[in-house]
Structures are given as structure tokens and as C-alpha cells.
Amino acid sequence: MTKIFEITHRDGAARIGKLSLDRELSTPAIIQIHEKDSPIIDSGSLWQRTEMPEDISKKIVISPHKSLPLHIEVDIIEQLQTSFDTGAALQQIKASSCHTGIIVHPFHQKPIEADLYALGCAKQLENHARDLVNSIINLKENTRADSLLYVPALAKPENLSVLVYMGVDLVDETLPMIKGYHDIYLTNSGEYHLDRLHEFPCACDVCSCNTPQELIKLPKKERSELLSRHNTLKLGEEMRTVREFIRSGQLREYTERQCRARPWLTAALRLIDAESTFIEKRTPIFRSSTLYANTSESLNRMEIRRFAERVMERYTPPELDTLVLLPCSAKKPYSISLSHQKFINALGKYRKYVHEVIITSPMGVVPRELELMYPAAHYDTPVTGYWDREERAWVGGCLRSYLQKNKYKNIIAHVHGAYREICEEVEKELGLGFVYTADDGVTARSALEKLGSAVSGFENINKRSGEEAKLDMMHAIADYQFGKGAGDMLTDGGFVRAPYPKFQLFAEKQLATLIPQYGTLALTIEGGQRLGIHEGYRVKIGDFTPHSSILAPGVEDADPGIRPNDEVMVEGERFFGVGRALMSGWEMKECAKGVAVELRHSKQTEINI
Ligand SMILES: [Zn+2]
């Protein structure tokens, strides 16, 4: 594998990269493979030989190929692939040591090592969401992380965000050009036949100088060229928009909007969401942008599913007998909202003796200790008071699973409306007895008084000090972030300094700092070493001393569970460091370029830790 592609931004399967050939391309990109000076060229169909440029040493050359129909017998494809290897054209490409691309049939993939994979018959997959999603996922899962995926002759402004969201790096202008010659006007919200348009919504040079009626009267050739120009300009505009959304970590929100342009695009998004492993492997642990949960697809977002899974698998509640269920608030983190301030005042001195859990759509249940954790403090969702069946089922399911796993002597539900209906359903199903304290609305004086007297009424309950409550928060975050057991290792004999939310965890020395912005822990060397025997989140490097960062080629091994933005420990023969991962662990092992870990602290060690 040659070092020509560096991924610089990741957002799910979408990525921004720098492709260094005879000129540099920023991906995702629109390429013109039939132009002679294109850095990516097609050596052509074997049915008809194409003339190659003289110097192809710094280009990606797509191997000779034969166009095949979508539905074809496997043995025919294999026969053809065998014949390619002996083809004179392929020998010529290999001999000139340029970078190679190959065309892969969507249904019969056996990709051999290459820098670029072009999805064959891609145009025929339009309107076939399942086939497109399956073939892209198969291809990406069976090729290296830093190879490029090119989908020819399928991109239009309306589908570009969905294609890039799936991990497509390269597209072309073929379809916008063809559409122009068919008198079809493209926008990112759909396509229109020219004679159906009353006015142009666009302000490009074609649209601002003509009306649809004027364009119709032009000779066919001139009209087609103008329409093709508008269509390709729109594709370019959409590409720049998509790249900006990747950079800001908001491509998912944009894709949820854009996929509405066609039912098959909405289906494609839903089918990708169903392939949870594919998306999870590529989803960062936090983003700096707000997560907008505006659509029904938002409930299936990996960030939300991951949070719910980790609460079930990694989280252990503090040893307290009384649970107080509270509704969410628009302001985040919940505890600084007006309503939660009222709840906290009502709980008064008993607050530290009770365990607070917030019920919320779309997050499910959020233990108070994890309220800062992405995306619990980073989402926004439309609030109407009406909860649809899917929301109720999801939130009710989260609460049910939580209460099946974690037992309490007393459960107070300070909830109203749909929250209460969900609680009553779960209470009945599990045969529990909840005390409801908010008949008059959660912030009504009478309700708050009832909450206060309910928590003060329990006797012989487990108690904890305010200091222990702070330590419980750091314990919960450590378990959530590094896996069960990490909390015990980090907080054993520890204490917390500094006011909420800028908690610092100390033992003899400082072990970790809570980063309020994302709710995660940043480790010190001592903190990282405390997690020494804890499995996971390790990156192994060779016998060298890195400085500010670890580059992917320097990584010998990495925990495949590491995700972008995870806190990781880096171990070398005589080196130990802690820092933030910029790529997933499996990518660190595959990529030939790019920063794998940004180091925060490091030290030389005499022996391997
Ligand atoms: Zn235009």
C-alpha cells in the first residue's frame, strides 16, 4: 500500500482526506476520469482500448475492465477477472508502478489489493437501497481503511450526502451531464423536467441569465450544455456543503434532512442504521456539535444506542436504596436547568442519599453521574408533549432494562404526562411499587413539597457523604469510558478537588481531570498507569520515543475497540503516554498515513509497563 491518502476528518463512515497524486485532491471529490490531466484515469474498457497518457507514475489508473450487467453468473465474472491478469494493458500499468484502481462488481466482490475501488454497475443500484447499502458495506469491510471508494455515474445533488455518509470518497459528473441532455434540471431537493418549471430557484450564471421558458426555446445542443452546466455546478455546490458538514460533525443531521428527497434514500439511511457494527466502528466517542434529534431516524443514531448500551453494560449505580426518577430538561446539563434546580432544592440535604436518574427521549435513561457525557448534554429535540409509539417503546424499554438490572428499595417517580404513563407501564410490568410525587406538574409547589417529604420519609437507608457522591461520579464516568472495573481502579483511595463540573481526581498525585465540555476523563500518566492491568484502550508502538503525536505507521497494535476521540494509553518498549485517539483502533493498524494519537503526557520508562 502506498502512502497517497491521508484521512484528516472523520464523521461516521464519511471522511475528508488528502489524496496526493500528480496534483492534490481534497476528498470527498468529484473527479473527471476521462480528462487526460485527471490524477485518476480509466485505462478503459477491454472491449475498446483507450490511449493512456505517457507518464502515469503519479496517477491512479483504473485497470482495464469489461462492462458487466448487474445480474450475472459468478463464474463469468471470475473468468473475466482471470483474463484481466494476463491482459497486456494491466501488465503495462503494473510495470509503470503507478497506483491502481479496480472495478468491483456489486454482488460478486473479491477485491484484490488496490488503492481505489470503483463500484461497478452503480447506476443500476439507484432506487435499490438494500443492494447499494450491502455492496458498499461489503466492499468497505473487506478493503483497507485508507483505500478509496469511487461510485461512478450515480451522484446527483439530491443523493450526494447519503453516498458520502455511507463512506463514498469519489463521484463524477456523469449523471448531472446526462440529465442535462434529457432536459432535467437538478437541485439538492430533487429533479424537475424543464417544461414543468416556472422559475429557476438557483442563482448560478445559467439560471440568473435565463428563464425556463427562454431555455426551452433554445436549440437542443445549446440548451443541453446550459442545463448540464447548471447541474454540475449544483453537484459541486452540494459537495462543498457536505464537506463542511463533515468538518463540523453534522453530516448525520444533514443526511437525515437530505434523504427525504427520495424514499429510496430514506430507506438507505435506515438500512445503514440497521448495520450497527459498520457505523459503530466509525463513530467518534464525542463531537463538539449539538446532536439534533429531529426525525424518527434520530432514535437509531449510533451515539444514542451506544449510550444506552454502555449504561446497561458498563454502568454500576452507587449503593443507595432510593431511586428518584426525574424528567429531562431543555437546558443541558440537566442539573443547571431551572426545573432541576427546583428538584435539587426540594431534595435538600437528602439529595446525596438518593440516586437520581433522568428519563428522556431520545436518550432513554441518564444516571445523574453521566449527565455531562456526550451526547446526554449535547442533544436537542423538538418538545410537543406528545410522544409517539416508537419513542415510548424505546424509553420504556431502556427504563425496564435498567430496573431489571439495578434494584432499589424505594422508587420515587417525580414525573408527569407521558413520562408518568411510561413509568406506570414499566412499574406494572415489573411488579414494582413507585411513589408518584408530581400529580400537579413537576415544578408545582405542592409537587416539590411532596418530593421533599417522600425522600425524608425513608428510614434505615444507605447514606453517603458529599465527597463520596463526587467520587461516585468519577467512578461512573471511568467505567463508561474505559469499561467496567476502570472506575474501581481509578477511584480507589481517591478524592475529588475543584468545584463541579471541573472535577479533578487525586490519590497521591492527580489521576484525571473531568472535561466538562464532553463529560469525559483526561488521564495523567499516573492515572493511565493505574489502569495498567485494565484491558482495552491500549496502543502499542515500537522502540522509539514519540513527541507530540503517534502516526499510524508507528502503531504495532491497537485495541480494535478504540474510537475517534477516545482517551488511550500508549505503550512502547521504553515509553508510556496518554492521549486522545484521532482514529479507530482498527484503522490505526491499517492506515499508512495520518495521526493515530495526539499525546497529552508521556514519559520514558526503563521496562515495559
Ligand atoms: Zn443554476
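## Exercises: a zinc site and a small sheet

Along the chain, the donors of the zinc ion are spaced C-x1-C-x2-C-x22-H. The model is predicted: local features need pLDDT of at least 70, side-chain atom pairs count only at pLDDT 80 or more, and totals for chains, interfaces and linings use all residues. Residues are numbered from 1 along each chain as its sequence is written, and side-chain values use heavy atoms, without hydrogens or water.

**Exercise 1.** Work out which atoms coordinate the zinc ion and which geometry results.

*Step 1.* Find the donors (N, O and S atoms within 2.8 Å of the metal, 3.2 Å for Na, K and Ca; water is not among the atoms, so sites may look incomplete). They are C202 (SG), C204 (SG), C207 (SG) and H230 (ND1), at 2.1 to 2.3 Å.

*Step 2.* Check the angles. They run from 98 to 116 degrees among the 4 donor atoms, so the site is tetrahedral (all angles between 85 and 135 degrees).

*Step 3.* Place the ends. C202 sits in the loop between β12 (190–193) and α6 (205–209), and H230 in helix α8; the pair therefore ties together parts 28 residues apart in sequence. Helices (H or I, at least four residues) and strands (E, at least two) are DSSP runs, numbered from the N terminus.

*Step 4.* Check burial. C202 and H230 are both buried (under 20% relative accessible area, 1.4 Å probe, protein chains only).

**Exercise 2.** Work out the strand order of the open sheet and its edges.

*Step 1.* Read the order: β1-β2-β3, with antiparallel pairing (at least two DSSP bridges between two strands).

*Step 2.* Find the edges. β1 (5–11) and β3 (24–27) each have a single partner strand, so one side of each lacks a neighbour in the sheet.

*Step 3.* Inspect one pair. β2 (residues 14–20) joins β3 over 4 bridges. L19 has L25 in β3 as its bridge partner.

How values were computed
Tetrahedral: all angles 85-135°; square planar, octahedral: opposite > 155°, others 65-115°. Buried < 20%, exposed > 50% of the residue type's maximum accessible area, 1.4 Å probe, protein only.
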